[in-house]
Every structure is written in structure tokens, then in C-alpha cells.
Amino acid sequence: MSGLVLPVGPRDHIQGPPDAAVTLVEYGDFECPHCGRAYPIVKEIQRSMGDDLRFVYRHFPLTRIHQHAEHAAEMAEVAAQHGKFWPLHDRLFEHQEALEDDELVAAAESLGIDRAWATAALAQGRFEPRVREDFSSGVRSGVNGTPTFFINGRRYDGTWDLLLETLRQALISPSAHNRSLR
């Protein structure tokens with residue numbers, strides 16, 4: 001069983017309180033259809049668990065099969081520079097069919113980000129190193145596909161429909177949670 005190599009920290013995109021009982025980390029790809037299907041499940045888990053959950057998103061663009069994934073991740077980092085990571089994250093998953101560069105720039109612009117700045121940042125690869133950091137940490141943690149989830153630092157390999165129940169078990173009994181991940 002793989003563990004999360006890079007601990008959650010200030011560099012991460014986080015929703016939820018730092019002292020939440022459960023931390024869910026997702027390594028995802030904005031173009032991945034499986035991540036797109038997991039997105040509403042994660043949203044429901046967040047609604048259901050409230051302040052008991054801290055959700056972390058890390059980039060893991062599968063560039064060999066998803067030609068737009070890298071630029072989508074970089075544009076999410078453009079948005080992060082303006083405090084708009086989560087609105088763009090949601091928009092990208094809700095509109096996975098709109099990931100061409102001009103559509104990414106338009107999505108950023110719709111959030112109030114300067115079009116010329118976003119276009120230049122994407123063209124220059126300004127945020128490629130940040131995306132690569134996430135990807136590398138995923139590889140070191142045993143990630144080889146998306147989405148990959150970690151619950152309290154341990155990789156979750158179960159089905160998505162059981163993810164919420166597994167997270168609830170982690171709240172009730174950390175030892176039972178660790179047994180369910182083996």
C-alpha cells in the first residue's frame with residue numbers, strides 16, 4: 001500500500017479546515033473522463049462531511065493520452081495566482097469539452113483574470129514547474145492513473161461509491177480505516 005510522500009502543506013490547493021479529522025487528497029487530470037465522473041462524488045462528500053473533511057487537489061496530467069491536460073492544469077495555477085483556483089477547478093471539470101487554449105483563457109477571463117496575462121503565462125509555461133511538482137510527488141507516492149485518492153496519507157484503491165463510507169469510517173475509527181485500505 002502506497003503512502004502520500006509529500007505531506008499536505010501551504011503549497012497545496014485546500015478546501016476545508018486544517019484541523020479536519022479526515023484529509024482527502026486527489027491526484028487528478030482535468031481532461032480525464034474518470035476524474036470528471038469522480039468530481040460530483042467528491043463534491044457530495046464535501047457537502048456531506050462539512051468541516052470534518054479537508055480536501056486537497058494536486059495535478060497529475062496524463063499528457064500522453066490527454067493533450068489538453070497540461071495546459072488546463074497550468075491555467076488552474078494561473079487562476080490560483082488570483083485566488084481563483086477553486087472556481088476554475090470546478091469550471092474545468094464541469095466543462096471538460098472546453099479545454100482548448102483559447103477556451104482556457106476565456107474561462108480565466110470570465111473569473112476576472114486579465115486575458116493578456118493569462119495568455120502569456122500559458123504560452124511561456126510560467127506554471128509548468130508547479131504542475132510538474134505535483135506530478136512528481138504523485139509518481140513518488142505510487143500514482144499511475146487518475147483519479148487517485150489518499151485518505152489521511154494512505155492510498156485508497158476502493159470504488160468511488162464506497163469512498164464516502166470509507167471516509168466516514170476514518171472519522172469513527174482510524175484503526176478500522178487503516179484495515180479497510182489494506
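Two aromatic rings of Phe, Tyr or Trp count as a pair if their centres lie within 6.5 Å. With that in mind, welcome to this predicted model, where Phe-30, Tyr-39, Phe-55, Tyr-57, Phe-85, Trp-86 and Phe-93 form one aromatic cluster. Around these rings there is an open sheet of 5 strands to get to know, and a search of the whole structure finds 0 disulfides. The points below take the sheet, the rings, the cysteines and two buried residues in turn.

**The sheet and its strands**

- The 5 strands of the open sheet come in the order E1-E3-E2-E4-E5, and their pairing is mixed.
- At the edges are strand E1 (13–15) and strand E5 (154–156), each of which pairs on one side only.
- From one strand to the next, the twist averages 25°.
- Strands of a sheet pair through backbone hydrogen bonds, in either a parallel or an antiparallel way.
- Both ways can be seen around E2: with E3 the pairing is parallel over 7 bridges, while with E4 the pairing is antiparallel over 4 bridges.
- Two bridge partners help you find your way: Thr-23 is matched with Arg-54 in E3, and Tyr-27 is matched with Thr-148 in E4.
- How much of E2 is buried? The strand is mostly covered, with 7 of its 7 residues buried.
- Both faces of E2 are covered, with Val-22, Leu-24, Glu-26 and Gly-28 buried on one side and Thr-23, Val-25 and Tyr-27 buried on the other.

**Helices against the sheet**

- Helix H1 (residues 33–49) packs on the sheet and touches E1, E2, E3 and E4.
- The direction of H1 makes about 155° with that of E3.
- Helix H3 lies across E1 and E3, and runs at about 70° to E3.

**Aromatic rings**

- A pair of aromatic rings is described by how far apart the centres are and by the angle of the planes.
- The whole structure holds 11 aromatic pairs.
- One of them joins Tyr-27 and Phe-150, which meet edge-to-face at 5.9 Å centre to centre, with 75° between the planes.
- This pair links distant parts of the chain: Tyr-27 is in strand E2 (residues 22–28) and Phe-150 is in strand E4 (residues 148–151), 123 residues apart.
- Tyr-27 has a relative accessible area of 0% and is therefore buried; Phe-150 is buried too, with a relative accessible area of 0%.
- For Tyr-57 and Phe-93, the ring centres are 6.0 Å apart and the planes stand at 75°, so this pair is edge-to-face.
- Tyr-57 belongs to strand E3 (residues 53–59) and Phe-93 to helix H3 (residues 85–94), so their contact ties together parts that are 36 residues apart in sequence.
- Tyr-57 and Phe-93 are both buried, and both belong to the aromatic cluster.
- Elsewhere, a charge meets a ring: the charged end of Arg-132 sits over the ring of Phe-135, 5.0 Å from its centre.

**The cysteines Cys-32 and Cys-35**

- A disulfide is a covalent bond that joins the sulfur atoms of two cysteines.
- Why is Cys-32 not bonded to Cys-35? The sulfur of Cys-35 is the closest cysteine sulfur to that of Cys-32, but at 3.6 Å it is too far for a bond.
- The cut-off behind this is that a disulfide needs sulfur atoms within 2.5 Å.
- Cys-35 is likewise in no disulfide, and its nearest cysteine sulfur is that of Cys-32.
- Cys-32 is buried, with a relative accessible area of 2%, and Cys-35 is buried at 0% relative accessibility.

**Two buried residues, Ala-69 and Thr-146**

- Ala-69 is in helix H2 (residues 69–80) and counts as buried, at 1% relative accessibility.
- Between Ala-69 and Cys-32 there are 7.9 Å in space, C-alpha to C-alpha, though the two are 37 residues apart in sequence.
- Not counting residues up to four places away in sequence, Ala-69 touches Asp-29, Glu-31, Pro-61 and Leu-62.
- Where is Thr-146 found? Thr-146 is in the loop between helix H6 (128–140) and E4.
- Thr-146 is buried, with a relative accessible area of 11%.
- Leaving aside neighbours within four places in sequence, the contacts of Thr-146 include both cysteines, Cys-32 and Cys-35, along with Tyr-27, His-34 and Leu-62.

How values were computed. Residues are numbered from 1 along each chain as its sequence is written. This is a predicted model: local features need pLDDT of at least 70, side-chain atom pairs count only at pLDDT 80 or more; totals for chains, interfaces and linings use all residues. Side-chain values use heavy atoms; hydrogens and water are left out. Rings of Phe, Tyr and Trp (its six-membered ring) pair if their centres lie within 6.5 Å; planes under 30 degrees apart count as stacked, over 60 as edge-to-face and the rest as tilted. Buried means under 20% relative accessible area, exposed over 50%, partly exposed in between (1.4 Å probe, protein chains only). A charge sits over a ring if NZ of Lys or CZ of Arg is within 6 Å of the ring centre and within 35 degrees of the ring normal. Two strands pair if DSSP finds at least two bridges between them. Axes are lines fitted to C-alpha atoms, for helices over the stretch in contact, and angles run from 0 to 180 degrees between N-to-C directions. Contact means heavy atoms within 4.5 Å.
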